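Reader: I'm new to this one and would like a close look at a single part. Could you pick a spot and walk me through what is around it?

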Amino acid sequence: MSDTAPALPAAIENWFSARGWTIHPHQHAMLERAEMPCTLLIAPTGGGKTMAGFLPTLAELDDGTHEGLHTLYISPLKALAADIKRNLRTPVEEIGLPIRIDDRTGDTPASRKRRQRADPPHILLTTPESLALLTSYEDAARTFKGLRRVVVDEIHALAESKRGDQLMLALARLQTLCPDLRRVGLSATVDDPQAIASYLARHPDPCDIVLADPGPAPDIRMLETEAAPPWAGGGAAYAIPAVMEQIKAHKTTLIFHNTRAQAEIFFHNLWLANDEALPIGIHHGSLDRFQRERVEAAMVRGELRAIVCTGSLDLGIDWGDVDLVIQIGAPKNVKRLVQRIGRANHRYNAPSKALLVPANRFEVVECRAALEAVRENDLDGDPRGPGPRDVLCQHILIAACAGPFDEDELYAEMTRAGAYATLTRAAFDACLTFCATGGYALKAYDQWQRLLQRPDGKWQLRDPRAAQRIRMNLGTIQDADLIKVRLKRSRGGKPLGEVEEAFAATLTPGDTFLIGGQTVRYEGLREMTVEVTRNPGRKPKIAVFSGTKFATSTQLSARILAMFKQNSWPTLPRHTANWLELQREVSELPRAGRLLIESFPHDSREHICIYGFAGRNAQQTLGLLLTKRMEELGLDPLGFVATDYATLIWGLQEVTDPAPLFDPDALRDGLEGWLAGNAVMKRSFRGAATIAGLIQRNTPGAHKNRRQATFSSDILYDTLRKYDPDHLLMDITREEAMRGLVDFGRIEEMLERTRGCITLRRLERISPLSAPLLLEVGKVPVKGAAEEKLLQQEAAALMQQSGLDKLPQ
Amino acid sequence: MTGYDFSLAGARLTALGSGALWWTAQRLLCVSDLHLGKSERHARRGGSALPPYETRDTLARLSDLVSALQPETVVCLGDSFDDDAASRALPDAEQSQLAALTQNRRWIWITGNHDPAPTGLGGEQMDELYLSPLTFRHIANPSATAEVSGHYHPKARVRSTSRPCFLLDRSRLILPAFGTYTGGLRSTDPALAALMERDALAILTGAQALPVPMPR
């Protein structure tokens, strides 16, 4: 404890000591730095992080003289805002502090929201989106008058997404309204604290970093099972009995999955094996809000023995009773693993207990590598690039909603957000032009432009009513097109959750699928809602959620390659070590400095397997680029499949000379040409166009069925590509795709790492390491002439089956 | 030819992969739902500024068809403009492109629900056109036969591919939308399912017009 720690007001100090609690050193450190413009606290879960963030606020509000808003608390989750409200009110009421606390999220009733704007509480708990909305009102200056502190919780999670970028732009706005505003960030353990600090601080202000005692090292192991994991797949059904035993042996277990679909399948299987009928729940982002809240409430009351969940529980609510975390499937990323482990044992100074369950044989190796990385505290992280410009465009529109703005002032304000510190004036101007006129090479319909410049040089909305539309479409969270699922009843049955529109389109009445752990039967589509009935006992089709498929991090891939260099693998289970030994015997193991390619016939097709270790997205891109090259070279590729470590391509011709396929310049050229028409680009475009305000998902008074009137964003993309390929949104789309889904950077990195050293191994049959790829789902057929041909065959078959081909035409 | 040939009430017709209809005997080309000027209307009504290239693109595709087929008559089956104001607001270049098209052949604008008033852009304006044995109108009349209409922007899904399509049964043909900025209504929608007979066909547009049993 520091000697210079400022005294807390006696009432607060007494409240702590009455409970026999002492103030943690990092909580003192935060009090000491109360006057600093910016402080980042890094503490493990359960370290009293939130209290550390609020103590200075409570101390400053103790005397009851402050008028208006004093502290804004921002969290990535609505549930967290509500939870903190409860947790904070208890001490405030018991100490008798004259402090009003309220939360404001998308779920808050409109009447209360209006009241908050006119008469804000001392502490307002909110989300980045609700804050952005607050800054879009003309009376924002009045609402935020008196604001002294802002506390950003779970900033490590926000800093990885556009939600964080939007938040930082909003803070820049608040700082203009309240120049003395002080910022505090609360973060879980991260690889690069300085990066988060610069992200949080008003540029170029310094930001102090307080590192709390990280607590004891976690107790983390791989789950040992009698059955060996399967060769491929992600379900980990083999581990159900062992997981069940663990649930029985612990008070409360959190079972994390990487995707929602896997969580559903696992929950289904777990329930079938639950012969003691233990209370087990499921929680993921596609479930209906009420269902999720019910599970959360049961959890808080300590009624659940286990929860099967996804990233939806990565953050948030402090559940002290969780004594075991199980991660199903390789964690893909060490940092996220460490943060998930932290969800167990929220009591400070007790080691967290966690088990890793590899879903397949390769993941055994990956889990082993992850365990070693955790032990060495070697966290991974890729630096994020500069702030995305689609978020910038939305912020300009938000600024216009709040009233006329001066472009020089707005530009200066934005560059005070760390992520936008390097934003050039030209880039800003392009965004402003886009917001004002659309920014097209063809100047058309100028009289209808969205923003107008007034005689005094300030910009304003041409039509003030546009503000409503802009506010309705605010935010940066991108969902796939989801459709609600409801039980079929005469007057609209109970909502169960959501499935992707693409999945709903594949259903025919009578099909069954899993949602929220129940098997339901598809009855029909009514007013864009999937209607289902309960249908227990039948083997379900599986709900497909696109979710984010995380790619194995660069650093974890490097560790796996390093493990492959070992002569033997005493730390790996016998079955997995044997598998690697067999691979070494019949072929060889991939190495970091060399690109291994195996070529073999299988099932009357020629196959090549490329061990790039570049992560799922990059291996997928590599598959697309290579098959395109192969088609040009007459190698007749038919399809491919990609995992985090390899791409398997099959076709009609044997590949005898792979070097020309991997020529970096040719690959880059292929990327340019191929990218343009690719579905990945269209998806990235849709995201950017929605955030930047070109596509509006919500319009006032929208009809239920507007299908005819609305058209897909793909058409806009194709049109821009044809007539205006240099448009701002096309530029943003390319930038995004390269970073995210295309991940070409990691292909470049692989080429750099292997420097043209390619080993081609011609084998008589499939190799041990490539075999699992044949079992992978998500095989991609090579499109082009083949697709049209298949469609024609299918059409002819349908005509024949239905007998319609016999009708006179 | 990338078309699919069929008969409707004795008339031999071809559904083209581009979404247009060709009647060889009459040298008649028919397109539906061009929705010209959509981006202008969108911007005018306070929406965002969509890329203003759809009129240019739609007209370019129509011009290509006209050059290739040299029709004597062109029928635009309604909703040719996104609204009346949009027809008046066409930029000069697009006005002249359209004027060049409507010259030297009979050009008929059928009235749609989006564009009821005369266009003033050349060609004739009518509510419906009877050309024995077929009647051309914008919205299908459920009790009519030998009818060619548009309006619904039908689309159908085969394998996992969804494409704009023609719908065809003994009584009627419904054309897909030809305009660049147009969405579609699935063939499974009750409105279309009720209109079409049980053994109706959906003819998918694309590189090759492809007939399949209409998905319901």
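**A helix across a sheet**

Author: Let's start in chain B, keeping in mind that this is a predicted model. Helix 2 of chain B, residues 54–69, lies across four strands of that chain: strand 3, strand 4 (28–31), strand 5 (73–76) and strand 6 (106–110). Against strand 4 of chain B, helix 2 runs at about 165°.

Now for the sheet itself. Chain B has an open sheet of 7 strands in the order 1-2-3-4-5-6-7, and the pairing is mixed. At the edges sit strand 1 (4–8) and strand 7 (124–126) of chain B, each with pairing on one side only. On average, and ignoring direction, neighbouring strands of this sheet are turned by 25° against each other.

Strand 3 of chain B, one of those under discussion with helix 2, is worth a closer look. Strand 3 covers residues 21–23 and is joined by 2 bridges to strand 2 (residues 11–15) of chain B, with the two running antiparallel. You can find a facing pair here too: Thr14(B) stands opposite Trp22(B) of strand 3. As a bit of background, strands of a sheet pair through backbone hydrogen bonds, and they can do so parallel or antiparallel.

For another antiparallel pair, hop over to chain A. There, strand 23 (residues 637–642) and strand 24 (residues 647–651) pair in the antiparallel sense over 5 bridges. The two form a hairpin, with 4 residues between them. Look for Phe640(A), which stands opposite Ile649(A) in strand 24 of chain A. Strand 23 of chain A is mostly covered, with 5 of its 6 residues buried.

While you're in chain A, take a step back to its domains. The domain assignment gives domain 1 (10–211), domain 2 (219–375), domain 3 (404–472), domain 4 (482–534) and domain 5 (600–700 + 708–789). Let's follow domain 3 and domain 5 of chain A. Their centres, taken over C-alpha atoms, are 36 Å apart. Where the two meet, 11 residues of domain 3 of chain A are in contact with 12 residues of domain 5 of chain A. Together these domains bury about 1,100 Å² between them, and 59% of that is on carbon and sulfur atoms. Three residues to click on are Phe434(A), Arg469(A) and Met472(A): they supply 53% of the area that domain 3 of chain A buries against domain 5 of chain A, more than any other three residues. As for salt bridges between domain 3 and domain 5 of chain A, the count is 0.

Notes
Residues are numbered from 1 along each chain as its sequence is written. Chains are lettered from A and ligands numbered from 1 in the order in which they are written. This is a predicted model: local features need pLDDT of at least 70, side-chain atom pairs count only at pLDDT 80 or more; totals for chains, interfaces and linings use all residues. Side-chain values use heavy atoms; hydrogens and water are left out. Two strands pair if DSSP finds at least two bridges between them. Axes are lines fitted to C-alpha atoms, for helices over the stretch in contact, and angles run from 0 to 180 degrees between N-to-C directions. Contact means heavy atoms within 4.5 Å. Buried means under 20% relative accessible area, exposed over 50%, partly exposed in between (1.4 Å probe, protein chains only). Domain bounds come from an automatic or database domain assignment. Buried area is the accessible area (1.4 Å probe) that two parts lose on being put together, summed over both. A salt bridge is a side-chain nitrogen of Lys or Arg within 4 Å of a carboxyl oxygen of Asp or Glu.
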